[in-house]
Amino acid sequence: MLTINIDNVPVKVEEGTTILEAAQKIGIEIPTLCHHDDLCIAGNCRVCVVEEKGKNTLTASCATPVIEGMKILTHSAKVQTSRKHIVELLLSEHDEKCTKCYKNGNCELQDLASKYTVGDYLFMDLCEGKEYKIDDSSPAIQFDPSKCVKCQRCVRTCSEIQGVNVITVAEKGKDMHIQTFMGLPLNNVPCTNCGQCVNHCPTGALTERMYYDEIWEAMGDDSKHVIVNTAPSVRVALGEMLGYPTGTRVTGKMAAALRQIGADSVLDTDFTADLTIIEEGHELLQRLKKALVDKEDVSLPMITSCSPGWIKYIEHMFPYQLAHLSTCKSPQQMFGALAKTYYAEKMHLDPKDIVSVSIMPCSAKKFEANRPEMHSSGYQDIDAGLTTRELGHMIKQSGINFLDLEPQPFDSLMGESSGAGVIFGATGGVMEAALRTAYEVVTGRQVPFDNLEILPVRGTDGIKEASIKIEGSLPEWNFLEGVELKVAVSHGLKNARIIMKQIEAGESPYHFIEIMACPGGCIGGGGQPIPTNAEIRKKRIESIYEEDRNMTLRKSHENSEVKKIYDDFLKEPLGEKSHKLLHTSYTKRNKF
Amino acid sequence: MSKNSLKRLDIIFAPYSTSPYKLLSELLKKDKDAIIQELIESGLKGRGGAGFLTGLKWKLAKEAKGNEKYVICNADEGEPGTFKDREILSQVPRKVFSGMALCASIIGANKGIIYLRAEYNFLKKDLQKEINIFEAEAKKLNLDFSIEIFSGSGAYVCGEETALIESMEGKRGEPRNKPPFPVVNGYLGKPTVVNNVETFVSARMVCSIGAKEFNKFGIHGQKGSKLFSISGDTPKGGVYELELGLTVQDLVDEFGDGDTKAVQVGGVSGFCVPRKSFAKRTIGFTGKFTGDSLPTGGSIMIFNSSRSMYNVLHNYLDFFCEESCGQCTPCRVGVQQLLLGIEAIKANNKPSSYLKTLVKLADTMRVSSKCGLGQSIANSFQSIVEEFTEEIIY
């Protein structure tokens, strides 16, 4: 342990602790901008400089480990002047159209400005006369360079968390800027649309493409029937934007708010999550049968396909391994295909009048909704994918007092869900849901875990492994008797690369793998409220599992509406209709 | 101070002894700690301009744990107005290699790299020939040390040692956060000594003649000698070896054209000395940064009265606007503000009092920039603005 002195308060910390962390420990807040808990230390914005006694220059507190006996002043006159100057400098190269900015009120630069640069403009406007071109080529993510403060958080996110590296620093000096690899438009680089860069951007430079104006229009149009489906991880995060503490579940209030702002029907993506489990579970069993009994050459391990960021990633980076992907569409796209077929039929609606909107923790869902193959209903299956943040904005725009709303249930037909569908939102959730069902299909018994909680696949380790030995299988599945089913779960695309390299080398020991693009799974998605960090992800995950625990229905195959859709419409898992509506194919793409 | 104390020397460029690496073979036999002690006693400081104690740097690298260590010769001579390293490398490269080999044997490295400025690629062929000769000699001396040349990509900031290392690792040439310092965590994360070309030659010199002899050089309390690159309004520009501690007046008397108005000591990141201060300012290493003595990598630019100091400053700021790596706010944005600011004052778009704001901004840049580049922009800015205020405003 080392003892240092911060603002005349002694503090004992472990070796390797930074000055910033030491200060946080005793409740002293040092402002930061380029720093993010998820990312490596950059030390480039210099907002966090502090005075170290005995040194002429100031010290970047985020980047400097403590030394025994250090004396630090966090708000001396020298620090205050520099900090004010630095924030002013950042503002001078930032196009300050705060009142028109999507991030107004949720912007770290704005927060700094409100604290440190009250008063006159000290410096000249560097944006004046410059021509900035907004890159809105991608259906998912938009980049406005006039708002960029070059903190490089997006660059580090794309490289460190995702290993995708499509965002980079270009040129130097006054021309230094952030751009895509080779300066190509965002829709022309191997961007996975995961939106982690958006979630880590401190300003409004990187945002999702926003579509809520179109939804307002549809909601106001009586000839349109707007149906909304909400992803599992939205309900544990939306509250953060509307006055609730992190991790509060607002499922019922969310449904009520959606209805109040004009949705004709509020349904649950968890329903199609349950459906995904049935289809994907059977697909896995079928592949295992082909491999073990028919000795056919099938691609194992099978990998989940719910995360559209992950799908885009594998299409670009491992285009020759696409056969490993489950052919199941993501729950969003299953929902879309069924909304304009099954739902339309049952509700006696003309599918052309249906506007199908999904609320997702994700920006990649926007790209997914726009994929040309996602028209299996004869229409664009999902008309718009909005992020959790966009829904938060819509609720704010509506003037609804969210805190006082009476919770309401989802509508029926595609609104019922199980706990298994809910946990899709957390890393390991799809795997857990799939195992709850697959094990029971094969053995007729529940998975051998207390209270159905398959703990080995839970938690925030980047790659998790588990195995279940199948014993006492039903006659139909006796080829699986004694097989040790090996599974893995990974989240964050950097970890996906490790899994894929193993598969490429033919060394993967697994049968089934869940891969999610974002750290923590969907609860840490690029479309979730900002900020998102390890602590926040943990709270959202806890909340998801709590929702599961509180449900009576916890297995996908027991969802009565799912049973009904098979009886009335789909007939059987992997059947003809399923293939047409619920399964898809993938596209080989280039690395650059 | 006595007038005309300038003393010229000719040690660095003195011809080799007949057998090329005889001195090295003798030095290699000496006790390593004794050599470090000798270097520390000599007070030899880095000849690139930052002025870190060379003996201490080698000592720290020797003490650092690592299965592999590196010796890097910083030949990214980019400071405007310096060209001494080019001369050393073309005239006496063996002295450089000897210094590197000596350093390597002391710290326990067997790999040396010369980071050669891209513009000096024309030296590459001859240097490689010399390296081949050196490596043959090294074999005879049973010395496991090889040298290779790494060609820079043209960024000024890569003269900063951590940016140089980043660039060698194939990354953007951007300075790192310090600590850790390269002596502990340098090239490829291994302990690394990065020294200027001249430093290696001087270290060899110190070890050869001893600290005592070396300390006999120097005037006005300064110790040792170093190379100066003289350019600008002078009839005899070139590289000269001079004893440290000389006054700017001495330089002007020797090299000026009789109409010298200002001398820029230490390149664009150094200080501008006006005529009235010529006699007061000495050049050396021991003084504080802003004190009497001006630290320098040896760039001396002489301006006569035909020069507009506004244009000089404008030119410097233009240079920094290009050559800042751009990663940290005070340097990237600050220098643009300084440039725009003096333009606006000149054009009467800002009141002359705005100059005070800019001087304060330069203070912030000095204390809060990430590396020496950003920190030293204030040197030339403030010294020119304060000494030639009228020229800047009107």
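## Report on chains A and B

Strand E3 (residues 111–116) of chain B is largely enclosed by the rest of the structure, because five of its six residues are buried (buried: 20 or more other C-beta atoms, placed from the backbone, lie within 10 Å of the residue's own). Strands here are DSSP runs of at least two residues (E) and helices runs of at least four (H or I), numbered from the N terminus.

The model is predicted: local features need pLDDT of at least 70 and side-chain atom pairs count only at pLDDT 80 or more, while totals for chains, interfaces and linings use all residues. Residues are numbered from 1 along each chain as its sequence is written, and chains are lettered from A and ligands numbered from 1 in the order in which they are written.

### Strands

Two strands pair if DSSP finds at least two bridges between them. The table lists pairings in both chains.

| Strands | Sense | Bridges | Residues opposite |
|---|---|---|---|
| E2 (70–75) and E3 of chain B | parallel | six bridges | B:Ala75 and B:Leu116 |
| E3 and E4 (146–151) of chain B | parallel | six bridges | B:Ile114 and B:Ile149 |
| E3 (49–52) and E5 (71–73) of chain A | antiparallel | two bridges | A:Glu51 and A:Leu73 |

In chain A, five strands form an open sheet with mixed pairing, in the order E2-E1-E5-E3-E4. Strand E2 (9–13) and strand E4 (59–60) of chain A are the edge strands, each pairing on one side only. Helix H2 (residues 77–92) of chain A lies across E3 and E5 of chain A and runs at about 155° to E3(A); the angle is taken between N-to-C directions, from 0 to 180 degrees, with axes fitted to C-alpha atoms, for helices over the stretch in contact.

### Helix H14 of chain B

Of the 16 residues of H14(B), twelve are buried, among them B:Leu373, B:Phe381 and B:Val385. The elements covering these buried residues include strand E9 (271–274), helix H12 (329–346) and helix H15 (389–393) of chain B.

### Between the chains

In all, 29 residues of chain B are in contact with 31 residues of chain A (contact: C-beta atoms, placed from the backbone, within 7 Å). On the side of chain B that touches chain A, H11, H12 and H13 of chain B each supply at least two residues. H12(B) gives the most, with ten residues.

Definitions and conventions. Two residues are in contact if their C-beta atoms, placed from the backbone, lie within 7 Å.
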